[in-house]
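Biologist: I should like to learn how to read a protein fold from its strands and helices. Could we examine one together?

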Amino acid sequence: ERTQVGIIGAGPAGLLLSHLLALAGVESVVVELRSREHCEQRQRAGLLEHGTVATLRAAGLAGRLDAQSVEHGGIYLQYAGERHHLDFRDLVDRTVTIYAQTEIVKDLIAARLAAGQRLDFSVSATAVSDLDGPRPVLRYVDASGAARAIACDVIAGCDGFHGISRAAVPDVVAYERVYPFSWLGIIADVAPSTDELIYAHHPDGFALHSIRTPHVSRLYLQVPADDAIEAWSDERIWENLQRRFALPGWTLREGPVREKAITPMRSFVSSPMRHGRLFLAGDAAHIVPPTGAKGLNLAVSDVALLAPALIAWLRDGDPSLADAYPAAALRRVWRATHFSWWMTRMLHPLPGDPFTTQLQLAQLRYVTTSRPAATTLAENYTGVAPA
Ligand code: FAD
Ligand code: DHB
């Protein structure tokens, strides 16, 4: 078997890459470990930068997004019993958009299948070889149990943090920071109690009120890194959310908890993002802690660089953008890695470390009272900061 680009992973990175390549007449095969249903239901991110929306719109993928998403012109930062609004429109003339990753993945899968794309779900034993020669090979066992080998011009490793691609890059250097806390995230069937996201610093820990739809709320709590989800009854979760968001004259509405899970917090960057004819994109190459919502946006910005680079090389014979890809992508990755680390460090109190708590409060006071400090946050949050 033969294709131009073998793509491992049907997350946002792999699916969008396949779509952008097809628009330019470059063919690809996408192979995915999990089932289509699993990919479409997995609850993850929900906040899109302006540039992410622009990329999806330019690719003709924004039909449902334009109808169902909600634009946000700022966020609330809450600390010391005060809630302050940061106005991104005023500060940097930009907004962000709420539209769930699950919906983006559904839109991408539907668009690829409508175009007759080969998307192999539920595969196993994915492996890559011959990366240094002109015909790298993508091997896997398909859903029917048949072993397959596809000779490619290029392989794109879009297989997330637990994929196999990153390990195929020899002499990879990994930069890593593991944080001593996790996020417990819930999806609740209740109308959001806020018009824009609330990031709350509280002595008991951080909390975030996000939004999915007018009828569905997404809420997060900082919990100890080793906590098990079984330790968190719905009642205990709401009790903690009520305490951390409490503000006189404001009420947090409660509703049935549809999903709950604990996500560890990690910063991770592996370099280089290319070896021979293997290119990495998205979580396969880097992870950020969720504070500031950069993970999905970085996956899309990697692909927005990688797709034109592969098109120029495979269709037009010009390898210069492909050669420039690892350095160009890593510049953005490190900017977002710094911002996510900075937001995380500002908002999560550490038990038994009152000095850090006072620094966090001083920084929050600065960001909510100084226009230059607020502008720094707004630029990075909305994605206008130069990489
Ligand atoms: P993924 O979406 O992980 O896609 C990779 C795909 O590759 C998966 O479908 C996987 O099944 C497949 N795969 C893996 N191994 C193989 C293999 N060997 N063979 C074939 N296929 C394989 N970001 C935010 O901005 N805000 C959030 O609130 C947020 N919450 C998150 C919560 C969780 C639990 C997780 C895990 C991530 C969260 N993120 C969040 C990060 C964001 O979802 C990711 O950055 C985004 O999904 C990256 O897209 P991707 O396509 O690179 O990787
Ligand atoms: C969401 C997640 C984040 O980490 C964040 O900073 C904002 C929003 C979300 O899932 O909606």
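Modeller: In this predicted model, the chain contains 11 helices and 20 strands. Its radius of gyration is 21 Å, close to the 21 Å that the globule rule gives for 387 residues, so the chain is as compact as a globular protein of that length. Along the principal axes, the C-alpha atoms fill a box of roughly 65 × 40 × 40 Å.

Biologist: What percentage of the 387 residues is buried?

Modeller: Buried residues account for 45% of them.

Biologist: How should one read a sheet?

Modeller: Strands of a sheet pair through backbone hydrogen bonds, and the pairing is either parallel or antiparallel. Here, an open sheet of 8 strands follows the order E6-E5-E14-E15-E16-E13-E17-E20, with mixed pairing. Strands E6 (82-87) and E20 (286-287) stand at the edges with a single partner strand each, so one side of each lacks a neighbour in the sheet.

Biologist: Which way do E5 and E6 run, parallel or antiparallel?

Modeller: They run antiparallel, and 6 bridges join E5 (residues 74-79) to E6. Gly 74 stands opposite Asp 87 in E6, while Tyr 79 stands opposite Glu 82. The two strands form a hairpin with 2 residues between them, and Ala 80 in the turn has a positive phi of about 50°.

Biologist: How many bridges join E5 to E14?

Modeller: There are 3 bridges between E5 and E14 (residues 198-200), and these strands run parallel. Leu 77 of E5 stands opposite Tyr 199 in E14.

Biologist: Why is E5 described as largely enclosed by the rest of the structure?

Modeller: E5 is so described because 5 of its 6 residues are buried.

Methods
Residues numbered from 1 in each chain as written. Chains lettered and ligands numbered in written order. Predicted model: local features only at pLDDT ≥ 70, side-chain atom pairs only at ≥ 80, totals over all residues. Pairing = 2+ DSSP bridges. Helix = DSSP H or I, 4+ residues; strand = E, 2+ residues; numbered from the N terminus. Rg over C-alpha atoms; globule rule 2.2 N^0.38 Å. Buried ≥ 20, exposed ≤ 12 C-beta atoms within 10 Å, placed from the backbone.
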